[in-house]
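This report describes the domains, the shared core, one helix and the chain contact of the structure shown below. Please keep the sequence and the model in view while reading.

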Amino acid sequence: MIYLDYAATTPLDPAAYEAMQPYLRPGGAHGNPASDHLAGKRAREAVERARAQVAALIGALPAEIVWTSGATESDNLALKGALEFYADRGRHVVTSMVEHKAVLDTCRYLETRGTKVTYLRPGADGRVAPEQVLEALTPGTVLVSLMWVNNETGVIHEVERLAPALRERGVLFHVDAAQAAGKIALDLRTVPVDLLSLSAHKAYGPKGMGALFVRKKPRARLAPQLHGGGHEQGMRSGTLPTHQIVGMGEAFRIAGERLAQEGAALAVLRERLWACLRELPQVFLNGEGAPRVPGILNVSFGGVEGESLRASLPELAGSSGSACSSATGESSYVLRALGRDDELANASLRFSLGRFTTEAEIDQAAEQVVAQVRRLRALAPA
Amino acid sequence: MSATAAGPGVNPFGYSDAVWRRFTEAPRAGLLEGPGTRTGRAATPANRSRLQLQARISGGRIEDARFQAYGCPTAIAVGAWLAERAIGRSLDELAAIGAAEIRQALEIPDTRLHCALLGEDAIKSLVEAASAAK
């Protein structure tokens with residue numbers, strides 16, 4: 001099997017795995033971080049060390065990191081929490097059609113509660129321009145939610161340019177950075193984002209762990225969505241999972257250390273893959289023309305049917321735009337939003353490369369894809 | 001299963017074995033030419049799946065058959081199965097094959113019924129083309 005689905009999830013980095021162990025087994029570090037005895041203190045120290053590690057990767061203060069169960073929860077907390085807290089400011093949200101379902105489904109829910117949501121369509125390159133966002137603002141706009149990096153295309157939004165414009169207008173800015181953290185340099189000291197969602201398992205940390213950055217100055221406020229103990233400055237109750245937190249901290253520390261070098265290496269591998277695939281006629285790069293993260297390549301193949309394309313590659317663990325591979329039975333809404341027709345959106349593959357991807361794997365994947373696309377095209381009647 | 005256990009023949013997507021083998025091997029895919037060759041064509045609405053079934057007929061019997069298909073693995077398997085079944089049969093015997101028999105042979109679920117119907121349409125088209133040429 002060739003694993004090219006790092007944007008879906010990554011394995012734990014072995015160092016993160018090791019770092020988690022003492023907090024799972026007997027030995028004195030398994031305590032509840034909220035307990036006042038020695039076992040609790042050890043756990044608490046580990047939690048705070050991890051908080052500083054996660055904060056360091058994004059240029060935040062440790063106190064601005066709120067632990068959650070993952071980016072889905074972070075997105076829910078950011079949107080629902082802000083809309084509830086700032087109910088007197090208005091009931092309008094601006095977002096994009098290419099957000100992750102964690103944002104889109106939360107927006108749909110908010111709509112049932114009376115919030116108006118504007119869903120912006122990206123350009124053909126997959127990007128929503130800052131100007132589009134600013135034009136969509138109304139006096140009642142409470143919050144803008146835009147992902148830093150799109151999970152399907154790897155396209156990078158111009159968050160640095162949009163954030164100051166929103167700050168100037170007094171509109172809260174939430175950014176889903178699940179696919180950005182550890183992939184591109186993020187520095188929230190210079191980018192005035194108010195809320196930012198993070199996921200551990202997209203960056204070699206454990207699944208079931210995430211964080212929400214909540215800015216202190218100027219202070220972003222949220223109504224908590226989980227009650228029961230007042231943990232995390234009252235914003236997110238629940239006993240802290242020390243081992244998960246430590247795993248995320250260590251993973252983010254490593255990500256920061258390797259970011260530049262790893263990004264460059266992945267870009268080389270990705271271009272190697274694209275160079276092979278583009279030899280085929282009728283292949284289309286999704287997100288072409290926009291800056292993209294180094295590890296993601298999303299390609300549509302003309303003249304092949306999507307489900308057969310995916311089924312032809314059983315040894316390749318990638319992601320497909322095919323309706324049959326999605327939970328909803330729809331082809332990729334992201335590719336549809338950037339103008340691909342249903343047939344091409346269906347016949348798309350997302351290759352996402354990562355830390356353990358080798359040149360040999362890339363060559364094998366390219367060979368298999370090229371051979372199967374040719375085979376399926378040859379099978380088709382004229 | 002170990003991380004490296006996947007190999008040729010692995011079917012991780014839940015297709016029936018009958019569909020999977022014909023999809024991956026696509027026996028009798030291709031074109032027939034020459035005297036006695038007749039062609040049937042069928043498509044689903046909006047051309048999402050297309051099937052071409054060809055037969056070379058001699059002395060009232062189908063001597064050879066080929067298919068071409070664009071569509072999901074089940075549609076491709078239907079083409080391969082029909083080409084395989086057609087050989088050695090008369091046109092009447094071919095015409096007797098309906099969607100129900102295709103479904104049963106390939107273990108096609110309800111959600112893929114359209115693939116079996118595509119096969120039935122291709123047979124009808126082929127039989128019509130052959131009858132018209134008589």
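In this predicted model, the centres of domain 1 and domain 2 of chain A, taken over C-alpha atoms, are separated by 28 Å. Domain 1 comprises residues 2-6 + 259-379, and domain 2 comprises residues 15-254. Their contact draws 21 residues from domain 1 of chain A and 21 residues from domain 2 of chain A. On the side of domain 1 that touches domain 2, at least two residues each are supplied by helix 7, strand 10 (296-301) and helix 9 (333-337) of chain A. Helix 9 of chain A provides the largest share of that side, namely three residues.

Chain A also meets chain B: 10 residues of chain A are in contact with 19 residues of chain B. Here the largest share of the chain A side, three residues, belongs to helix 8 (residues 306-311) of chain A. The table sets out the residue classes of the two sides.

| Side | Nonpolar | Polar | Charged |
|---|---|---|---|
| Domain 1 of chain A, touching domain 2 of chain A | nine residues | eight residues | four residues |
| Chain A, touching chain B | six residues | one residue | three residues |

The next topic is the nonpolar interior. In soluble globular proteins, nonpolar side chains tend to be buried together. The largest nonpolar core has 150 residues, of which Leu195(A), Phe213(A) and Val78(B) touch the most other members. Helix 7 (residues 242-277) of chain A gives the most to this core, with 11 residues. Both domain 1 and domain 2 of chain A contribute residues to the core, so it lies between them. Leaving aside residues up to four places away in sequence, Val78(B) touches Leu51(B), Ile102(B), Leu106(B), Cys115(B), Ala116(B), Leu118(B) and Gly119(B).

Helix 4 of chain A offers a local example. With 12 residues (101-112) at 1.5 Å a residue, helix 4 should span 16 Å, and its end C-alpha atoms are indeed 16 Å apart, in agreement. Within this helix, Ala102(A), Val103(A), Thr106(A) and Cys107(A) are buried. Viewed down the axis of helix 4, these buried residues fall within an arc of 130°, so they line one face of the helix. They pack against helix 3 (71-85), strand 3 (92-96), strand 4 (116-120), strand 5 (141-145) and strand 6 (172-176) of chain A. Just after helix 4 of chain A, Gly114(A) adopts a positive phi of about 100°.

Note on methods. Residues numbered from 1 in each chain as written. Chains lettered and ligands numbered in written order. Predicted model: local features only at pLDDT ≥ 70, side-chain atom pairs only at ≥ 80, totals over all residues. Helix = DSSP H or I, 4+ residues; strand = E, 2+ residues; numbered from the N terminus. Expected span 1.5 Å × (residues − 1). Buried ≥ 20, exposed ≤ 12 C-beta atoms within 10 Å, placed from the backbone. Arc of directions from axis to C-beta. Contact = placed C-beta atoms within 7 Å. Core = buried A, V, L, I, M, F, W, Y, C linked by C-beta atoms within 7 Å. Domains from an automatic or database assignment. Nonpolar A, V, L, I, M, F, W, Y, C, P; charged D, E, K, R; others polar.
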